[in-house]
Amino acid sequence: MTTKKIIAVVGATGKQGGSVARTFLQDTSLTSEWQVRAITRDPSSARAVELAKLGAEVVGASLGSVSDLERAFADATAVFIVTDFFSSTQDNATQARVKSEGIDLFVAAGETETSWAFNAAIAASRTPTLQRFVFSALPPVAQLSGGRLPLALPFDSKWAAVVRIEAELPDLWAKTSIILVGYYHSNVQPKYNAARGRAELEGPLGADAPLGFIDVDISTGAYVRALVVDEPAGIQLVAFDEFRSMSETVEMLARATGREVTYVEQTIEEVQAKHGPFGQILIQICTWFAEYGVFGEKVEGWKNKLTWPKDLRVKVPVRSLESWIAERTGLFEVDGVQA
């Protein structure tokens, strides 16, 4: 009997990791060759149990423990890792640092996230069977903006790990590809404004700024498949389905629901009032989107390092934002109740 290759998926119960796991579990061109090892903090969770039913080997491990991760990566041919900035804000060690050192919560969370990603890299570097390491990162906003946008910590904390991997783990770096995942379709969540009698999608981004939208639950796995199976290492792939603006998005929502839907661009004061301390981070991220591009595609030099979907050897099917909206019409709050 031929032994299958193992892809170890960190964050397998989340959106990106779940998409990768399901792709390798359900794509018939992969199932005869690949076994999925789903790595999660809680193997008893509903999502972990569902992956096990689909055929995944579910393994519990903490990103805070290199030894946990070494055990989880044993005999793996490929590793996919995604980290979550917001989970790091709730981490016990992060919270302890905030209390004991008086450090800002989001700064501490960024440092925690970087350490989590680098722990996974260390563990992967100690896996003799490993051929491909795929890390879901985001562009280095502070660096590429020349220090103008220093607060986009959910982006910079991921890229800080990339810098460390390249500098400190050269053998692993030679096996590494980076995926930059775009703006999630699932962020489109209009709310009904009773005072104005209409549904609204709101945010600090300009209405006409283009965003690289992605159906993260489906398309992420297809892109990671390409990086693991079809492409050489060293790719820095921008992963998206299509570019659309918020003004186009509300037009799609209106067509799908038959209701008035408007985009409302929030002021800085409104964002800070709604999101508290995170508001300033959100404002800088949206400034990045508008002025530099979601993937930094407007930045000279950097943009030449990016691989686009059209450049892949095997083209990845795209999922349009309009079709995603049409499939979920009844779930949007457009008239005070679900449409």
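Which residue in β4 is the bridge partner of Ala 8? In this predicted model, the bridge partner of Ala 8 in β4 is Val 79, and this pair belongs to the contact between strand β1 and strand β4 (residues 78-82), which run parallel and are joined by 4 bridges.

Strand β1, which spans residues 5-10, also pairs with strand β2 (residues 34-40), again in the parallel sense, and here the pairing extends over 6 bridges. Within that pairing, Val 9 of the one strand stands opposite Ala 38 in β2. Strand β1 is mostly covered, with 5 of its 6 residues counted as buried. In a regular strand, side chains alternate between the two faces of the sheet.

These strands form part of a protein whose secondary structure comprises 15 helices and 13 strands. The C-alpha atoms, taken along the principal axes, fill a box of roughly 65 × 50 × 40 Å. The radius of gyration is 20 Å, which agrees with the value near 20 Å for a compact globule, because that is what the rule gives for a chain of 339 residues. Of these 339 residues, 53% count as buried, and among contacts between residues at least 6 apart in sequence, 73% join residues that lie at least 24 apart.

As to the surface, the accessible area of the protein comes to about 14,900 Å², of which 51% belongs to carbon and sulfur atoms. The protein carries 33 positive and 41 negative charges, and the mean positions of the two sets are 4 Å apart.

Definitions and conventions. Residues are numbered from 1 along each chain as its sequence is written. This is a predicted model: local features need pLDDT of at least 70, side-chain atom pairs count only at pLDDT 80 or more; totals for chains, interfaces and linings use all residues. Side-chain values use heavy atoms; hydrogens and water are left out. Buried means under 20% relative accessible area, exposed over 50%, partly exposed in between (1.4 Å probe, protein chains only). Helices (H or I, at least four residues) and strands (E, at least two) are DSSP runs, numbered from the N terminus. Two strands pair if DSSP finds at least two bridges between them. The radius of gyration is taken over C-alpha atoms; the globule rule is 2.2 Å times the number of residues to the power 0.38. Contact means heavy atoms within 4.5 Å. Accessible areas come from the Shrake-Rupley method with a 1.4 Å probe; for residues, only the protein chains shown count as cover. Lys and Arg count as positive and Asp and Glu as negative; His and the chain ends are not counted. The place of a charge is taken as NZ of Lys, CZ of Arg, CG of Asp or CD of Glu.
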